[in-house]
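Got the viewer open? Here is a walk through the model, one selection at a time.

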Amino acid sequence: MSEDMYANALKTALTEVRNICPEVTRSFIFNKEGKIIAETTQDTETSTEKAINSFQNLIEKAEIMGGINTFLVNGNKGMVQFSRINDVYLALSASKKADMAYIQSVARTIIPTVMKLLENIVSTSLKSVSPSQNMVAETLTGLFSGETAQVDNEILKEWSKNPNNAHIDEIEIETASGKTARCKVKAISEREFQGKGLIRIPEKIYRTLKVEKGEAVKVKPITREGK
Amino acid sequence: MSTKGKSEELFTNLRFNLENIRNREGIIGYILRNSKSATVDINDPTKIIDYAMLSGESLDIGDEASEIFQLGSINSVVIEGNDFKILSLVIEDQRLSIFMDRKVDHNKICKELNLTKHSQKPNLSSIQSSEENQEQTGIEVTS
């Protein structure tokens, strides 16, 4: 699925939220890196980007509280709420008379449903190029840990020996309890972690999977159809 | 009463209310400050700097968001994290943040503290003048 189709689907979802809750004045969805994924047409790009930049500063400071789930500013003329939905953030502003709790309940029903649907559609166009491999989970922390897991370079090379010679940059991790997560992958850069059969999982995904350090997980390389 | 006196009275009243709130279950602490004084009462003193930065940032970004989204003057800012949440308020020239467990009803606390505001009769122009003539800043830390 192209990014445009994904953005259009989410934009339609945002428009639907506004149709249900006309008090919504602005709405947009952006990712952790600050990239706008979808926004409704009434938005002006400049102010949207400025708002995202401000919010990203707050995300950095809020690591002490385990990351931000919601950020609500209540003014005497209106309100705005940023809320996390899976890996993205939804920003909704509304007039003073709006019931933000109701708007949020509508948005948090529609948007994740659409996202889940889109993910399922994307999943069908993904295929595994190699059987899953057992690895030992290790947390990847730090300011630049991002959302990319790390495995041994030898494993990446082995995976690349697939019929299409497709470069592997995405994997699916499955825990013993059956929880799965998909993320980007690259070679382990730090020598002390190399050659030990480890998969270094970014902290955020680590938490999502509820995996323990030293736990065995199944790792499956993925390539997109047509690659 | 002079503006300085009113500001001090509001600070004292807020502090009194915050002390009552502080003893409730799930309250982690608070930071109350104005241009001259600050009171910090946080469970874990090693986190005071982090909490103070977060408190300041939440209100600053609240101001920016208010400007961008044309929200008018800020009544409250609420940040909910995975571990705890923060309620930040601007009451006249006082800026305060209360740190609490996620299960605590911050709306109830917000209403209680806003009652302190309504018991005052502020003179905004005098407050600005008072801020321009800042005196020595006093900071009190409790833990």
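Which residue follows α2(B), and what is the sign of its phi? Select B:Q70: B:Q70 comes after α2(B) and has a positive phi, near 55°. Keep in mind as you click around that this is a predicted model.

**Stop 1: the helix before that residue**

Now step back and select α2(B), residues 48-69 of chain B. Put a distance between its two end C-alpha atoms and you should get 31 Å; the 22 residues, at 1.5 Å each, should span 32 Å, so the two values agree. The expected value counts one less than the number of residues, in case your own arithmetic comes out differently.

Next, colour the helix by burial. The buried residues are B:Y51, B:L54, B:S55, B:S58, B:L59, B:I61, B:G62, B:A65, B:S66, B:I68 and B:F69. As a reminder for reading that pattern, an α-helix has 3.6 residues a turn, so residues three or four places apart point the same way.

**Stop 2: the cores**

Stay with α2(B) for a moment: with seven residues, this helix gives the most to the largest nonpolar core. That core has 64 residues. To find the ones with the most contacts inside the core, select A:V80, A:A91, A:L92, B:L14, B:A65, B:L96 and B:I98. B:A65 is also one of the buried residues of α2(B).

There is a second, separate core of 22 residues. Pick out A:A149, A:I171, A:A181 and A:I222, which are among its members.

**Stop 3: where the chains meet**

Show both chains and select the contact between them. Chain A puts in 28 residues and chain B puts in 28 residues. On the chain A side, α2 (45-61), β3 (68-75) and β4 (78-85) each supply at least two residues. Sorted by class, that side of chain A has 12 nonpolar, 12 polar and four charged residues.

Which strand of chain B pairs with β3(A)? Select β3 of chain B, residues 74-81: the two strands pair in the antiparallel sense over seven bridges. For a single pair to zoom in on, take A:F71, whose bridge partner in β3(B) is B:I79.

**Stop 4: strand β5 of chain A**

Hide chain B for now and look at chain A, which has five helices and 12 strands. Of its 227 residues, 32% are buried. Among contacts in chain A with a separation of 6 or more, 64% are between residues 24 or more positions apart.

Select β5(A), residues 88-95. Why call this strand largely enclosed by the rest of the structure? Because six of its eight residues are buried.

Now add the strands that pair with β5(A), starting with β1(A), residues 24-31: seven bridges join the two, and they run antiparallel. Here A:F30 has A:Y89 as its bridge partner. Then add β4(A), which pairs with β5(A) in the antiparallel sense over eight bridges. In this pairing, A:F82 is bridged to A:A91, and A:A91 is also on the list of residues with the most contacts inside the largest core.

Follow the chain from β4(A) to β5(A) and you pass through a hairpin with two residues between the strands; in this hairpin A:N86 takes a positive phi near 55°.

**Stop 5: two loops with positive phi**

Select A:K210, in the loop between α5 (203-209) and β12 (216-224) of chain A. A:K210 is not a glycine, yet its phi is positive, about 55°. Is A:K210 buried or exposed? Exposed, because there are 10 other C-beta atoms within 10 Å, and 12 or fewer counts as exposed.

Bring chain B back and select B:E92, in the loop between β4 (85-91) and β5 (94-100) of chain B. B:E92 also has a positive phi of about 55° without being a glycine. With 19 other C-beta atoms within 10 Å, B:E92 is partly exposed.

**Stop 6: a pair from distant parts of the sequence**

Go to helix α1(A), residues 3-20, and select A:A7. Leaving out residues up to four places away in sequence, A:A7 touches A:I37 and A:A38. A:A7 and A:I37 are 30 residues apart in sequence, but 5.7 Å apart in space, C-alpha to C-alpha. A:A7 is partly exposed, with 15 other C-beta atoms within 10 Å.

**Last stop: colour by confidence**

Finally, colour chain A by pLDDT. The average is 84, and 88% of the residues score at least 70. Confidence in chain A is highest in β3(A), at 93, and lowest in β6(A), residues 126-128, at a mean of 59.

Methods: Residues numbered from 1 in each chain as written. Chains lettered and ligands numbered in written order. Predicted model: local features only at pLDDT ≥ 70, side-chain atom pairs only at ≥ 80, totals over all residues. Contact = placed C-beta atoms within 7 Å. Helix = DSSP H or I, 4+ residues; strand = E, 2+ residues; numbered from the N terminus. Nonpolar A, V, L, I, M, F, W, Y, C, P; charged D, E, K, R; others polar. Pairing = 2+ DSSP bridges. Buried ≥ 20, exposed ≤ 12 C-beta atoms within 10 Å, placed from the backbone. Core = buried A, V, L, I, M, F, W, Y, C linked by C-beta atoms within 7 Å. pLDDT = per-residue confidence, 0-100.
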